[in-house]
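Q: I'd like to learn how to read a protein–DNA model. Can you walk me through one?

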Number of protein chains: 2
Amino acid sequence: MRPASIKDVASHAGVAVGTVSNVLNYPDRVADKTRSRVLDSIAELGFVRNDVARQLRAGQSRTIGLIVLDIGNPFFSSLARAAEDAAADSGNAVVLGNSGHDATRELHYIDLFEEQRVQGVLISPVADITERLRALTQRGTKVILVDSPAGGDTFSSVSVDDVSGGYLATKHLLGLGRRRIAFVAGPQRFHQVRDRLAGATRAVEEVAGATLEVLQADDLTVLAGRGIGDGLVGRDRGSLPDGLFCANDLLALGVMQSLTMLRTLRIPEDVALVGYDDIDFAASAVVPLTSIRQPTALIGRTAVELLTEQLSDPAARPRSVVFKPELVVRASTNG
Amino acid sequence: MRPASIKDVASHAGVAVGTVSNVLNYPDRVADKTRSRVLDSIAELGFVRNDVARQLRAGQSRTIGLIVLDIGNPFFSSLARAAEDAAADSGNAVVLGNSGHDATRELHYIDLFEEQRVQGVLISPVADITERLRALTQRGTKVILVDSPAGGDTFSSVSVDDVSGGYLATKHLLGLGRRRIAFVAGPQRFHQVRDRLAGATRAVEEVAGATLEVLQADDLTVLAGRGIGDGLVGRDRGSLPDGLFCANDLLALGVMQSLTMLRTLRIPEDVALVGYDDIDFAASAVVPLTSIRQPTALIGRTAVELLTEQLSDPAARPRSVVFKPELVVRASTNG
DNA sequence: CGCAAACGTTGAAACGATTCATTAATACGA
DNA sequence: TCGTATTAATGAATCGTTTCAACGTTTGCG
């Protein structure tokens, strides 16, 4: 049996369809008696408004598309949750697309979202798809870049200053008197890794006698971090770094596990350790981890706000919001 | 400027709207020459099919609603990813709703999804909302329960046998010769906690001389686990458990951190430790953690399959799929 | 009492696609 | 050459809303 339509309600209540619509959208325009009669019919028939038809007429949907690199990553799941909260506040829903670092899937979702006439797309792009996104905006779908630096004059964007984060972390190590700094890098194709390294480099250059070594991990995982840690333990004392800055918390936790287990190097006495992201596990690690906090929730919320801004004033110039990361000091640098 | 419609394409190509529709949906019905002319116009005008209108006409959407308890929980984010993958295979998208254990938000999403005429709702319910869900199905929106035991004859469901998981974990500890078992419980309002305890109880009852103690944590977090660990360290040796089964991995990791840091009790020599969920961090803990693996990805995929099943044959009787969890042995019980 | 304003309700048009009965054009065989 | 298939293309109807000009009724005021 087909669900009841507004027409069914109208004939059941003995009024015109326009009146039912008014009851739903402008209750004040309808006389009390009529309104309650219509409401009764709605209840009796179990009528539920068909948002698809409403959207068609309005030419606008109530959904926002969100395309993330990896929903399994706490950074993005937290961001998604915040975006979804913010959207819910204005009665919208978030449709989630997980590109999984795959450019094909990314395009698939962009196509899907455009066909669905979402209000806008919040995207953390895999590759450079500026052209595709520009076409989107030209046809009326707003685009907001997330965790991706600057969309120039074309797109609004929200990101975190990773150079500044890298600087902050390294400066902290230097401030503790450490001079032999090492940066545990992930794959350099991630702009996050490159930027954090750049920040570290700058900090080291500012201090006479400080050196920076780059230890290259081939992944941003706990396992990769362990590999780096195991490598360190094998070295002779003189060549060891005394301050370690890792490209993210997973790497840092891996390094920590390796050192803790082998018990040859103490944290922070022998090596001070700083991570990045401040994931939940950082605070509750064996040695609570000093980290750089990214305001994930704020990023998600801001992305939605930037979109709302674009929607309410289509002529508004795109804005780029860049957040400053924050140093969170814990025992791993504070013995 | 409004995006181009099928009508614009038709007049640009000098054909009727029906022909454009046929080019899009049944290319064979259209002569080669006409088809290419239409395709040219589509490209030139940058036409993108309006899925909203299509859905209205079809009376069916291409979206699936997913309502989870907490997208920040790795269990659910992994599940969501799998569901989204499975949906993508059949050209559908997943709309995500995060209830955050809040019944009001849960209802909000149910309403929203029904108005959007999603094909079906996959839901991990906060409270007992059987009646609301029954109304949904009666109006044609399919419902699949996720990680919730048995929807009876009304709903299909997919879940994991937590009793069996608890039994498995405890049996393993007993098999190692441990006799003084303790279960680190989370809040008993979660059916997962109750079921896992029930399984543990059964296993202990099967072995003469074995005892089961319940240590009540007030949360399912690492921090709560630490509290339990700290409490254990303070005890005198005689009263200590030698086998510890935690309601989830977060608790287990907390306990592990406490014991590792204080170094009074060794894992697994003094206390063997088993967690639950087998989250990514379990394998890479200081002492790799033995755990009970839940097939999250499989759950997500199965939920989508159950939905597809209901959609393709509306008369099909609801099915309940229950997965068996699996024991993953690591160093924390295998010294 | 008469007129204007305010109020409530109506019903048709529109949104953009799909569907399908109908018509037009072409090909084929006798 | 004619009639019949076959193939293409047409365009109106439809999906379920919202919008809005038009209309009828009531109210208020002089």
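**Reading the DNA surface and the cores**

A: Sure, starting with the residue classes: the surface near DNA strand D has 10 nonpolar, eight polar and five charged residues. Here Asp, Glu, Lys and Arg are charged, Ala, Val, Leu, Ile, Met, Phe, Trp, Tyr, Cys and Pro are nonpolar, and the others, Gly among them, are polar. This is a predicted model, where local features need pLDDT of at least 70 and side-chain atom pairs pLDDT 80 or more, while totals for chains, interfaces and linings use all residues. Residues are numbered from 1 along each chain as written, chains are lettered from A and ligands numbered from 1 in written order, and side-chain values use heavy atoms, without hydrogens and water.

Q: Which residues come nearest to DNA strand D?

A: "Near" asks for a heavy atom within 4 Å. Of 23 such residues, A:Ile6, A:Arg57, B:Ala16, B:Thr19 and B:Thr34 come nearest.

Q: What do the polar contacts with DNA strand D look like?

A: Look for N or O pairs within 3.5 Å. A polar side-chain atom of B:Arg57 sits 2.9 Å from a base oxygen of DNA strand D. For A:Asn50, a polar backbone atom is 3.4 Å from a phosphate oxygen of the strand.

Q: And which residues have the most contacts inside the largest nonpolar core?

A: A core joins buried (under 20% relative accessible area, 1.4 Å probe, protein chains only) Ala, Val, Leu, Ile, Met, Phe, Trp, Tyr and Cys residues through side-chain atoms within 4.5 Å. The largest has 98 residues, with A:Leu244 and B:Leu244 having the most contacts inside it.

Methods: Buried < 20%, exposed > 50% of the residue type's maximum accessible area, 1.4 Å probe, protein only. Polar contact = N/O pair within 3.5 Å; in protein donor to acceptor, adjacent residues only side chain to side chain.
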